[in-house]
Structures are given as structure tokens and as C-alpha cells.
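Hi,

Here is the structure I said I would pass on to you. Have a look at it first, and then read my notes underneath.

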Amino acid sequence: MSDAESMMHGGFVSALDLPDVPSSKLPHHLDLRRTRVLCNSVAPDNTDTVQYSGAYASMGVDNSLRLDDFRNNFKVNVNRLTADEMEFDMVGVDPSLANAFRRILLAELPTMAIEKVFIANNTSVIQDEVLAHRLGLVPIIVDPRHFDYLSENDRPNEKNTIVFKLHVRCKKGDPRGTVKSDELRWLPKGSEFLKESGASASNTKAETYTSFNFSQDSMPEFSDNPIGVSPGIIVAKLAPGQEIELEAHAVKGIGKTHAKWSPVATCWYRMLPEVVLNEDIKGDMAEELVKKCPASVFDIEELANGKKRATVARPRACTLCRECVRDDEWERRISLCRVKDHFIFTIESVGALPPEVLFTEAVKILEDKCERVISDLS
Amino acid sequence: MEHASFGDERNATFCITEEDHTLANSLRFALNQDPRVMFCGYSIPHPSDAKVNIRVQTTGEPAREVLKDSCQDLMLMCQHVRGSFDKAIAEFKRNNSSRNYGRNPIAKEDNTNRKLSEAKDCLSKQLHTLPKFNNHNQNRQ
Ligand code: SF4
């Protein structure tokens with residue numbers, strides 16, 4: 001343990017000085033290692049978590065987690081919430097859980113995405129397969145909970161497929177055109193392309209590539225809320241005389257299969273930084289410290305006697321670049337830590353569902369996983 | 001699913017298919033927090049097989065029961081997380097009228113985040129003018 005830490009946290013306690021009768025509390029230096037990542041100038045230290053319930057048994061401290069304790073300690077605080085982004089603090093949870101939520105958000109929450117593209121005509125310079133791939137990545141703004149998965153033997157119907165049509169042409173003599181995702185038109189009645197073969201003459205109704213029983217816009221959830229895609233995304237460019245005509249079929253899927261089904265642009269967390277000044281930093285040194293920090297964590301406070309003193313004004317802004325502790329003497333003065341069970345969680349939705357709904361759905365998925373294991377074991 | 005040695009219920013390896021670190025790591029956490037567990041760990045035998053092996057050794061109880069209890073604990077924890085989260089969201093929505101939606105003192109303090117959120121706000125306002133997003137707007141009022 002370095003001098004800096006012992007100064008900050010009340011000094012090293014030798015095992016011999018510990019009381020004979022174990023208290024139910026860990027000595028300070030161990031508690032520090034249990035709850036903080038120490039960000040030293042060389043490398044972060046003490047990054048793992050102590051999960052084993054009997055880790056501190058020899059000191060009479062129970063490291064197991066009671067559900068009641070979890071309920072009392074767990075806290076959520078929302079910092080920012082917009083239609084497609086949110087940031088919140090999640091306190092009192094193990095990294096394994098926070099990471100599970102993050103992984104589920106990225107890879108296991110379903111959305112709708114274009115999976116099949118039927119190209120009738122494409123005379124543009126962009127190849128069919130590249131065009132299809134680009135279309136696949138266009139986010140579709142629809143609640144995936146209204147749809148079922150399309151399995152191999154299913155016929156595409158109104159419950160598992162959304163059909164879009166794209167027909168754009170750049171007239172001869174016009175300037176070059178840009179095709180944006182706004183041009184994708186929703187076909188609530190399903191495919192309009194007729195299947196060429198197989199349709200017998202006796203069959204009065206010609207077969208298309210989907211078999212919708214009724215129009216999707218008659219469903220209550222879509223009747224006054226047409227399904228659209230994220231606007232303004234460039235799909236292709238057309239020169240005069242070129243044309244694209246296609247139909248795109250979107251189905252339900254998860255990000256594990258392909259990133260186009262991921263409901264988040266990204267989703268991440270960082271642990272809460274903790275910046276502590278071990279001694280008063282005054283005068284020119286304070287100025288130097290304020291200048292050192294690129295994230296402007298420190299401020300200068302004017303003391304009554306006209307002197308200046310550095311304060312930690314915005315610890316949350318700290319990126320832990322460790323610039324302020326690069327020199328030996330400064331490492332002594334400043335302690336940088338991260339709080340192990342405090343997560344600043346950010347979710348950026350691509351638009352299908354608002355971010356707060358995404359998170360609750362992710363937690364539900366983890367619950368379902370547990371339930372599955374329980375029922376398998378019983 | 002369970003590969004236990006005969007006659008010894010205390011030690012067992014469970015193989016869960018169609019799962020990965022997401023569940024296995026959280027389960028290992030829940031198991032480790034149970035005082036009846038002497039040892040537990042997990043491994044993914046091959047990255048292209050969708051399965052995990054979870055090893056549980058207990059101080060006496062059948063490993064199967066302990067694993068079941070841990071799943072139950074994990075589920076209750078998740079339910080609590082969901083409950084608190086919904087409460088926090090409801091409170092945030094109550095405290096923020098639609099005009100200053102998405103701004104609060106903590107975010108303001110944080111310089112980099114503020115710039116990002118302003119850009120985002122601006123973007124979402126533009127998006128809001130489009131009919132597709134009406135739905136979101138209504139939900140937010
Ligand atoms: S680690 Fe970097 S961002 Fe954090 S206080 Fe030090 S200089 Fe500033």
C-alpha cells in the first residue's frame with residue numbers, strides 16, 4: 001500500500017493490531033480493496049471483484065449477499081433521457097450483472113430488420129448484394145413485440161414479416177440522384193411481386209412472395225401509426241437513366257445472429273471515478289493542477305486570506321487519463337479510484353424502442369434465462 | 001444436463017445449452033454469494049459450441065438444489081432491478097417537463113456529456129417533427 005493511500009484512508013492496520021473479537025466490518029485497507037479499483041500512474045490495480053462468500057471468513061466478516069441487503073443498497077438514478085438516448089447511474093450491483101445487461105442489450109434483444117431483398121431491376125452502379133446489405137442495416141421504427149419470429153417452415157405472413165417497396169428512377173437529363181431510406185414505402189398488404197412459376201391456371205388468385213391474411217394497417221397498433229424506417233440514410237446513388245426497383249422483407253431477429261438486429265447503436269457503462277486530494281494543494285501548484293487535467297476536473301477556490309486552493313469540482317468528468325498522477329510527487333498528492341459497484345450506464349437506441357423500454361426488456365430476458373434453467377433442473 | 005458423479009450429489013457439473021457468458025457469469029456470481037457453495041466456476045468448452053459448463057461443489061446440500069436457489073436469487077435480483085429502474089424513470093419523467101426534458105444538474109456539470117446531449121437533443125427534436133415519431137412524443141407527455 002502506498003503512502004498516498006494510507007494517508008487518505010487512515011493508515012495501514014497490521015493484522016496484529018486487529019481486535020480479537022471480529023467485528024462485522026472489514027478493516028479500512030481491505031474494504032478499500034474490496035470496493036475500489038486503484039488507478040495508479042503505472043497501471044490500474046486491484047481490478048477484480050471479491051465474489052466468494054467466505055473470502056473474509058477468517059476475519060469474521062460475511063461476504064455473502066443477502067437479498068434484503070441487495071434491495072436496500074441498490075439504487076438507480078436517471079441523469080438524462082431523450083427519445084433515443086439515456087444515461088443512468090446504477091449503484092450496488094456486481095459487474096457480472098451489469099455486464100449481463102449490457103450483453104443482452106447488444107446481442108439478445110429482438111428487433112425487425114430487412115432480411116430478404118427481391119430485386120426486380122437494378123441498373124445503378126451499386127451491386128445487388130451490396131445494396132441488400134445496406135438496406136439490412138437501415139433501422140426499422142416498429143415495436144418488435146408485435147411480431148413473431150419467422151422460422152424455416154413458416155410462410156411469411158402479417159405476423160412475422162414487414163414488406164417495403166423501393167422504386168426510384170433518375171430521369172435522363174436530370175442531375176445525379178441520391179436514394180435515401182425515406183423512399184422505402186411500407187406495403188401493409190404484403191408483397192406485390194407475383195411468383196413466376198408454380199401458379200396453376202385454376203388458381204384464381206395469383207401467388208405473391210408473402211401470404212398475408214389481412215392488411216397490417218388494419219391492426220390496431222399500426223392503423224394510425226404507419227411503420228417507417230429511420231429517415232435520411234443514404235442507400236444508393238443514381239446517374240441519369242438508372243433505376244432501382246425492389247421489395248425488401250423485414251423479419252424479427254437478434255443481434256447475435258447479425259448486428260443489423262441490434263436495438264442499440266451502442267450501450268456501455270463506466271465505473272464512477274473518485275478523485276481525492278490527499279493534501280491541500282495551494283498557490284502555483286493549484287494552478288498547475290488545473291492546467292494538467294484535460295477534463296477540467298479541478299477548480300480553484302479563493303481562501304479568505306487571498307490564497308488559492310485546488311478543489312475537486314467535477315469528479316464525474318474524470319476520464320482517468322492519469323495525467324495528473326504522472327509525476328511521482330503528484331501521485332503522492334492525488335488518489336484516483338473507481339467505485340466497483342457504481343455504474344454509469346449509457347444506452348443509445350437506434351429508434352425501434354425508447355431506451356428505457358430496452359433496459360427493462362433486457363432485464364426480463366435475464367429473468368427468462370434463469371427461469372429456463374430452473375425448469376430444466378426440476 | 002447434469003453430469004454428477006454417482007452417489008455424490010454435492011459435486012456436479014451442469015451443461016447449459018444455448019447460453020454464454022451472459023448467464024454463466026451472473027450465475028457464478030449468484031452461486032459464489034451463497035455460503036453453501038464451496039467452489040464454483042464455469043467454462044465454455046469450445047467457442048463455436050453454444051454451451052457452458054457450470055461446476056458447483058457444495059458443503060453438503062445437493063448441488064442441483066443450490067444451483068436452483070441461485071437462479072431464483074438472480075431472478076429476484078433482476079426483478080428488483082427492474083422495479084427500481086421503472087420507479088426512477090417515472091420519477092424522472094415527473095420532475096422533467098417536456099421543455100427541459102433530458103437536462104438535469106448532474107448532466108450539466110459534466111461538460112463532455114452536456115455537449116453530447118445537446119447534439120442529441122437537437123437531433124431528436126428534428127426527428128420529432130416527423131410523423132413517425134409522434135408515438136414517442138405522446139408517450140412522453
Ligand atoms: S485522471 Fe485525467 S481526467 Fe482524471 S483528474 Fe487526473 S488529469 Fe483529470
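Start with A:Asn46, which you will find in the loop between strand 2 (44-45) and helix 3 (67-73) of chain A. Keep in mind as you look that this is a predicted model. The phi angle of A:Asn46 is near 65°, a positive value in a residue that isn't glycine. Is A:Asn46 buried or exposed? Its relative accessibility is 13%, so A:Asn46 counts as buried, the cut-off being under 20%.

Chain B has a case to put beside that one. B:Glu18 has phi near 60°, again a positive value in a residue other than glycine. B:Glu18 sits in a loop too, between strand 2 (11-17) and helix 1 (21-32) of chain B. Here the accessibility goes the other way: B:Glu18 counts as exposed because its relative accessibility is 56%, and exposed means over 50%.

Now for the surface. A:Tyr52, B:Met38 and B:Phe39 make up a nonpolar patch there, and together they have about 310 Å² of accessible area. One of the three, B:Phe39, belongs to strand 3 (residues 37-43) of chain B. With 44% relative accessibility, B:Phe39 counts as partly exposed, since that label covers values between the buried and exposed cut-offs.

On to the inside. How many residues does the largest nonpolar core have? There are 60 in it, and the ones with the most contacts inside the core are A:Phe88, A:Met90, A:Phe101, A:Leu105, A:Phe345, A:Ile347 and A:Phe359. Which element gives this core its largest share? That is helix 2 (residues 63-95) of chain B, with 13 residues.

If you want one core residue to click on, try A:Ile347. Not counting neighbours within four places in sequence, its contacts include A:Phe88, A:Leu105 and A:Phe359. A:Ile347 also touches A:Asp84, A:Glu85 and A:Thr266, among others. Apart from this core there is another, with 28 residues, including A:Val142, A:Phe147, A:Cys170 and A:Ile227.

Last, go back to helix 2 of chain B and find B:Lys68. Why does this lysine count as buried? Its relative accessibility is 18%, and anything under 20% gets that label. What does B:Lys68 touch, once neighbours within four places in sequence are left aside? Its contacts are A:Ile374, A:Leu377 and A:Ser378.

Have fun clicking through it!

Methods. Residues are numbered from 1 along each chain as its sequence is written. Chains are lettered from A and ligands numbered from 1 in the order in which they are written. This is a predicted model: local features need pLDDT of at least 70, side-chain atom pairs count only at pLDDT 80 or more; totals for chains, interfaces and linings use all residues. Side-chain values use heavy atoms; hydrogens and water are left out. A nonpolar core is a set of buried Ala, Val, Leu, Ile, Met, Phe, Trp, Tyr and Cys residues joined through side-chain atoms within 4.5 Å. Buried means under 20% relative accessible area, exposed over 50%, partly exposed in between (1.4 Å probe, protein chains only). Helices (H or I, at least four residues) and strands (E, at least two) are DSSP runs, numbered from the N terminus. Contact means heavy atoms within 4.5 Å. Patches are made of residues with over 30% relative accessible area and no salt bridge: like charges are joined within 9 Å, nonpolar side chains (Val, Leu, Ile, Met, Phe, Trp, Tyr) within 5 Å. Accessible areas come from the Shrake-Rupley method with a 1.4 Å probe; for residues, only the protein chains shown count as cover. A salt bridge is a side-chain nitrogen of Lys or Arg within 4 Å of a carboxyl oxygen of Asp or Glu.
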